[in-house]
Every structure is written in C-alpha cells, then in structure tokens.
Amino acid sequence: MSARRQRALSIPLRPWLRDHHFDGRAMLPAVVALELLAAGAAAEFPDLAAGATREAAFLRMLHLPAAARSIPATLELTRHAD
C-alpha cells in the first residue's frame with residue numbers, strides 16, 4: 001500500500017541562493033531542496049520521521065531565473081508501506 005500526495009509550492013528566491021552555480025547558471029542548492037522535501041513530508045505525513053534522509057536523487061537541477069523573486073514548483077511525495 002502506498003499514499004501519494006502533491007502540493008504546489010512557491011519557493012522564495014533569497015539573494016544568497018544565487019551563489020550556487022553549475023555550468024554558469026544559478027541553481028537551487030540540493031540542501032535547500034532537501035529541506036523543502038523534509039518540511040513537505042512532515043506536513044503531509046505527520047507521523048513520518050522526515051529528519052533523516054537515507055537516499056536522495058535529483059533528476060535535474062532547478063534553475064533560478066535571474067529576474068524571478070520566487071519560482072513555482074510541485075512537491076510530489078509517495079509513502080510506501082515499507
């Protein structure tokens with residue numbers, strides 16, 4: 001049995017986030033993405049201990065557009081029985 005949840009996010013782009021670059025482009029740091037995931041998991045599944053991450057994989061990096069003050073994103077979570 002598994003439970004799947006989605007929630008829309010608006011990620012505020014603080015100036016210090018633009019310090020992280022890959023291939024000349026500002027990217028959302030993985031540690032910030034992990035914090036967003038942990039907070040979202042805790043909100044959607046309150047009984048889940050989301051404070052420790054054993055595995056993380058990012059299919060792509062999230063580019064931070066130069067003029068944007070925030071960026072929309074979708075948080076997708078699937079909780080499996082095991």
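Here's a quick rundown of the fold and the main pocket of this protein. Keep in mind that the model is predicted. The protein has one helix and four strands, and its largest pocket holds about 1,600 Å³ of space. Of the residues lining that pocket, 27 are nonpolar.

**Overall build**
- Going along the sequence, you'll meet the elements in the pattern β-β-β-α-β.
- Along the principal axes, the C-alpha atoms fit a box of roughly 40 × 25 × 20 Å.
- Among contacts with a separation of 6 or more, 78% link residues 24 or more positions apart.

**Surface and burial**
- The protein has 82 residues, and 22% of them are buried.
- Its accessible surface is about 6,400 Å², with carbon and sulfur atoms accounting for 54% of that.

**The largest pocket**
- A pocket of about 1,600 Å³ is the one to look at here; 38 residues line this largest pocket, and Leu34, Leu37, Glu55, Glu76 and Leu77 sit closest to its centre.
- Strand E1 (2-12), helix H1 (30-44) and strand E4 (70-80) are the elements that each put two or more residues into the lining.
- E4 gives the largest share of that lining, with eight residues.
- On the chemistry side, the lining splits into 27 nonpolar, five polar and six charged residues.

Conventions
Residues numbered from 1 in each chain as written. Predicted model: local features only at pLDDT ≥ 70, side-chain atom pairs only at ≥ 80, totals over all residues. Heavy atoms only, no water. 1 Å grid on protein atoms, 1.4 Å probe; cavity = no way out; pocket = protein on both sides within 12 Å on 5 of 7 lines; lining within 4 Å. Points joined across faces, edges and corners; volume = space filled by probe spheres on them. Nonpolar A, V, L, I, M, F, W, Y, C, P; charged D, E, K, R; others polar. Buried < 20%, exposed > 50% of the residue type's maximum accessible area, 1.4 Å probe, protein only. Contact = heavy atoms within 4.5 Å. Areas by Shrake-Rupley, 256 points an atom, 1.4 Å probe, with all protein chains shown as cover.
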